[in-house]
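Here are some worked exercises to try with the structure open beside you. Have a go at each task before you read its solution.

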Amino acid sequence: MNRLVLKLEPNILAYGFFPAGKETPAFEGRMEGIRTDLSMGSALDQILSRGENGDYVSASRLLVESVALHVVAGGISFPSHAVATPAVIENLKAQVPLAPMHLPLVLELIESCFWHLPGRPVVLFFETAFFTKLPACEYLYAINTDAFTDSGIRRFGYHGLFHEAAGRAAERSLEKQAGLSARIVSICLEPHPEIAAVKGGRPVMVSGGATPLEGLPGQTSCGEIDSGVLLTLARKEQWGPEQLNRLLAEQSGMRALAGRPVTIEEVLLSDDADLLLAKQVLEYRILLRTGMALAAMDGYDRIVFSGCYAASGRLLGPWLQEKLPSIGTSNQSVWQCYETPLMQIMAEQMDRVLLDHSKTYRHSHASILAGP
Amino acid sequence: MNVLVFNCGSSSLKYRLITFPAEAERASGEAQRVGPQTAEPARVYHQTAGNKQQVHYADMPDHAAAFNEVMKLLKEDGLTPDALGHRVVHGGSLFTQPALMDQQSILQLEGLNDLAPLHNPPTLKLIHQCRELYPDLPQVAVFDTAYHATIPDYAYTYAIPAEFRRRHGLRKYGFHGTSHQFVVEEAARISGCPLTGFSAVSCHLGSGGASLCAVKNGYSMDNTMGFSPLQGLIMSTRCGDIDPALTMSMLVYMQGEEDSVEKVLNRQSGVLGLSGMSGDIRDILQDADQDESTRNTASAYIWRIRKYLGAYLAVVGQADAVIFTDTIGEQVAEVREAVCQGFECFGLRIDPEKNRALCGLPADVAAADSRIKILVVQTNEELAIARQVYQTLTRQRTGSINSKELTHEPLGT
């Protein structure tokens, strides 16, 4: 099946066209200025036109058979990826408070897909779906929920697609005996890095929180921080939540420690003295979280690095292996890099999700083809 | 030398008089209901060595009045202190050692009130009162944060812009340092290891506050508490680690009232916030089979300790011991057993029977084949403070490690 994969980032719509049976995209790119210079519908139209004018002669618009759409947060209502039916869309609308900047754009994009590609199923891939299976002891926060309007506050984790796919790849490489659960430390090296412990294919710990702000520091996000710091900043600087959020989400992390914009990869690979503190803070937090993952699984069988900076795992892997308790294979590497891009992960899973959906809704095929 | 140690709580004043160098306790007690009048009268529970505890009732509208009552009771027993020691919660980055409270030190300490607005001011007030009434009596402040002065920059730095870190002193300080230091030194002694070669994870599990400390070669290299005591473990009524976005949501919900948010995070969260029933984990464990809420509270409380135990065992490398102390750590075998299960990858294994049958402290409750000891050690913060007062006044700072002499091994890849 020919697949068009779409991913929304702030002001950007990234895309990739995966012809049937191909693992790599025939064409891919990023449309910038979404909503500022370009409506969602025009952006999608231009993407499809690019395909028609390129190597895929008169191909894309007619040959796109399904669309995969990346969704950052879906809450506990979406424990698995889902085909966008009217009922699913209604459910998604109810989740908007979880990601108020992101989900309205997703809903708009779904509408645009229905308009420009009528009859093609749109599959929603939720980053949070994997983490709906976290145990209660890990997802609960010890706060009085009377202090919130939403009492459903819990930890999620925000790179479920990478963790799930990388965990599976690591499990395959282990050739575990039947009945034994593989214990995988999954380290996703994205601009918001995240560590998860995956045991027998299920997550048992994750560094991300109710939002991607918690956990490891990112390229511009603070990671773990004492609540007292926020309250002090609010008092002393007389800041409201918006200013705090701007500081902690956009001006913190590696950028703050390095004193300039910098990527996770640059920090991890650099020997530059200016980046030393940033590098040590990030490495130290990775070591702490890896220790937590070991506590969740009483050890580990494999460490796997994924994400756009997965290759940096070649430096981190041997270092972590040396720091952690030996697992009886001291001469062998116990880590691996899973360098498959996110869009490819989504494209690879399309057929399976559609098959599952058609099994569930065998008698209501029309609902897959929901359109305007 | 008779050292009188004070530990100032929000509405209490604990004290202990210890004679050095014998370390013999001569008197101890606690003034309760200090401050505005309550339903019951204010009182001092006072006891001298070898005698029964007495209750003395008196008006104590503030800590200065409580101090006067304590001094009166000691005088009646013929006991005179030669020096005073004070537990001070926050020493900031300035006080990394016990400090003689002269005019300059007091001024410096006053400059740190913003870091611990609830805890430091009552102690400072007491120090002023003591200076006024007994100007010749030396006073030494011992700081809860001082032991953690050796935490390396990569562990204490929050990833926020340097300008704000510097302007408001925003960094991890760590707390419970006096207790962690005391039990670590005891554990090294029990293990027959020189302190400079002793590595451990110290679990100070109080019925109120709680923290874990990663100890490498005798010095603190991390603590679960941070800039304030809010960070880290799930405590009685404190939240521990939470997503910063949740604090921001609360600020929105409470219309920007920081004090209200702080009250929820400090006094209505933790075990109490999760269970909605009690802030004491012992009550929760007793009822853990009753309903889902208590089960979840118990498992979240234990899991948070286990998470940090794993993290710190990874950081410390070859640990010699895991140490349990304070009310919950010393008295609740169930917590120790649940925390230590599933750490065989680190060579840690508890002996459940030995753990449950524990009757005297200190004790090692590790299984015979455990590579790491599991030591249950009674903390004694007042004795630890008194020792530091004595050592400061007689210039005998031995055994402990001076942070200035330390160099951390490189961390990086």
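A crossing of two helices is called left-handed if the near helix is turned anticlockwise from the far one by less than a right angle, and right-handed if clockwise. Keep this in mind for the first exercise, and remember throughout that the model is predicted.

**Exercise 1.** Describe how α7(A) and α8(B) cross.

*Solution.* Start by finding the two helices: α7 covers residues 227–236 of chain A, and α8 covers residues 258–267 of chain B. Their axes come within 10 Å and cross at roughly 170°. Angles over 145 degrees count as roughly antiparallel, so α7(A) is roughly antiparallel to α8(B). The handedness of this crossing is left-handed.

Next, look at the residues that make the contact. From α7(A) come S227(A), L231(A), A234(A) and R235(A), while α8(B) supplies E258(B), V261(B), E262(B) and L265(B). Sorted by character, the residues of this contact are four nonpolar, one polar and three charged.

**Exercise 2.** Work out which element of chain A gives the most residues to the side that touches chain B.

*Solution.* Begin with the whole interface: 65 residues of chain A are in contact with 65 residues of chain B. On the side of chain A, the elements giving two or more residues are α5 (136–139), α7, α8 (241–250), α9 (253–258), α11 (276–297) and α12 (313–323) of chain A. With 13 residues, α11(A) gives the most. To finish, split this side of chain A by character: 38 residues are nonpolar, 17 polar and ten charged.

**Exercise 3.** Trace the open eight-stranded sheet of chain B and find its edges.

*Solution.* Walk across the sheet in the order β5-β4-β3-β2-β1-β6-β8-β7 (chain B); the pairing is mixed. The edges are β5 (54–57) and β7 (99–100) of chain B, each with a single partner strand, so one side of each has no neighbour in the sheet.

Now zoom in on one pair. Strands β2 (residues 12–19) and β3 (residues 24–32) of chain B run antiparallel and are joined by eight bridges. Within this pair, Y15(B) has G29(B) of β3(B) as its bridge partner.

Lastly, add the helices. Helix α15 (residues 381–394) of chain B packs on the sheet, touching β1, β2, β6 (83–88), β7 and β8 (139–143) of chain B, and its direction makes about 130° with that of β1(B). Helix α1 (residues 63–76) of chain B lies across β1 (2–8), β2, β3, β4 (43–48) and β5 of chain B, at about 35° to β2(B).

Methods:
Residues are numbered from 1 along each chain as its sequence is written. Chains are lettered from A and ligands numbered from 1 in the order in which they are written. This is a predicted model: local features need pLDDT of at least 70, side-chain atom pairs count only at pLDDT 80 or more; totals for chains, interfaces and linings use all residues. Two strands pair if DSSP finds at least two bridges between them. Helices (H or I, at least four residues) and strands (E, at least two) are DSSP runs, numbered from the N terminus. Two residues are in contact if their C-beta atoms, placed from the backbone, lie within 7 Å. Axes are lines fitted to C-alpha atoms, for helices over the stretch in contact, and angles run from 0 to 180 degrees between N-to-C directions. Angles under 35 degrees count as roughly parallel, over 145 as roughly antiparallel, 65 to 115 as roughly perpendicular and the rest as oblique. Ala, Val, Leu, Ile, Met, Phe, Trp, Tyr, Cys and Pro count as nonpolar, Asp, Glu, Lys and Arg as charged, and the others, Gly among them, as polar.
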